[in-house]
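Trainee: Can we go through this model together? I want to know what stands behind each label.

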Amino acid sequence: MDVTLGTVCICLIHSFSLAESFVLLDKLAMIEQQDLLKVAKWEMPFGRYQGRTLIDLPEEYLLWFVDRGFPGGELGRLMQFTLEIKINGLESLIYPLKED
């Protein structure tokens with residue numbers, strides 16, 4: 001199955017009402033498309049889950065960082081983004097991007 005970032009966005013929008021879709025589109029406009037690919041492909045560089053892609057990190061592990069602070073820089077930002085994806089149950093839409 002060939003999944004593109006556009007397909008991911010369309011799938012996200014079909015999950016919501018029209019009003020919710022417009023709000024989501026505004027949020028998606030702020031998200032760099034490359035961030036979706038980074039969440040799918042970047043590996044955790046340290047810790048218990050070193051070597052796992054960000055999208056494969058357990059939600060509990062990401063929540064641990066909420067209490068103790070995310071790493072600085074792009075890694076921390078992407079980990080926070082990954083947590084949002086997981087909290088909203090959207091990780092299954094990211095998994096196909098791992099194969100690109």
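Mentor: Start with confidence, since this is a predicted model. In the chain, confidence is lowest in helix α1 (residues 5-14), at a mean of 51. It is highest in α4, at 96.

Trainee: What is the mean pLDDT of the chain, and what share of its residues reach 70 or more?

Mentor: The mean is 82, and 72% of the residues reach 70 or more.

Trainee: Why is aspartate 35 called buried?

Mentor: Its relative accessible area is 7%. Buried means under 20%, so aspartate 35 qualifies. Aspartate 35 lies in helix α3. Leaving out residues up to four places away in sequence, aspartate 35 touches Arg77, Leu78 and Phe81.

Trainee: What makes lysine 38 and glutamate 74 a salt bridge?

Mentor: Their closest N and O atoms are 2.4 Å apart. The cut-off is 4 Å, so the pair counts. Lysine 38 lies in helix α3 and glutamate 74 in helix α5, so the bridge ties together parts that are 36 residues apart in sequence.

Trainee: Why are lysine 38 and glutamate 74 called partly exposed?

Mentor: The label covers values between 20% and 50%. Lysine 38 has a relative accessible area of 22%, so it fits. Glutamate 74 has 31%, so it fits too.

Trainee: How do you know that glutamate 74 also pairs with arginine 77?

Mentor: The N to O distance between their side chains is 3.4 Å. That is within 4 Å, so this is a salt bridge. Both residues lie in helix α5, three residues apart, about one turn of the helix. Arginine 77 is partly exposed, at 40% relative accessibility.

Trainee: Which residues are linked in a network of salt bridges?

Mentor: Asp35, Lys38, Glu74 and Arg77. The whole structure has four salt bridges.

Trainee: What makes aspartate 56 and lysine 98 a salt bridge?

Mentor: The closest N and O atoms are 2.5 Å apart. That is within the 4 Å limit, so the label holds. Aspartate 56 lies in the loop between α3 and α4, and lysine 98 in the segment after α6 (91-94), so the pair ties together parts that are 42 residues apart in sequence. Aspartate 56 is partly exposed at 26%, and lysine 98 is partly exposed at 32%.

Trainee: Why does lysine 86 have no salt bridge?

Mentor: The nearest side chain of opposite charge, glutamate 91, is 4.7 Å away. A salt bridge needs 4 Å or less, so this pair is not one. Lysine 86 is buried all the same, and its place is in helix α5.

Trainee: Where does a polar atom of the lysine 86 side chain lie 3.1 Å from a backbone oxygen?

Mentor: At leucine 57. Lysine 86 also touches Glu91 and Tyr95, among others beyond four places in sequence.

Trainee: What else is leucine 57 in contact with?

Mentor: Neighbours within four places aside, its contacts include Met44, Tyr49, Arg52 and Leu62. Leucine 57 is also among the residues with the most contacts inside the largest nonpolar core.

Trainee: How many residues does that core have, and which elements give two or more?

Mentor: The core has 19 residues. The elements are α3 (33-41), α4 (59-68) and α5 (73-87). The largest share, six residues, comes from α5.

Notes
Residues are numbered from 1 along each chain as its sequence is written. This is a predicted model: local features need pLDDT of at least 70, side-chain atom pairs count only at pLDDT 80 or more; totals for chains, interfaces and linings use all residues. Side-chain values use heavy atoms; hydrogens and water are left out. A nonpolar core is a set of buried Ala, Val, Leu, Ile, Met, Phe, Trp, Tyr and Cys residues joined through side-chain atoms within 4.5 Å. Buried means under 20% relative accessible area, exposed over 50%, partly exposed in between (1.4 Å probe, protein chains only). Helices (H or I, at least four residues) and strands (E, at least two) are DSSP runs, numbered from the N terminus. Contact means heavy atoms within 4.5 Å. Lys and Arg count as positive and Asp and Glu as negative; His and the chain ends are not counted. A polar contact is a pair of N or O atoms within 3.5 Å; within protein, one must be able to donate a hydrogen and the other to accept it, and residues adjacent in sequence count only if both atoms are side-chain atoms. pLDDT is the predictor's confidence in each residue, from 0 to 100.
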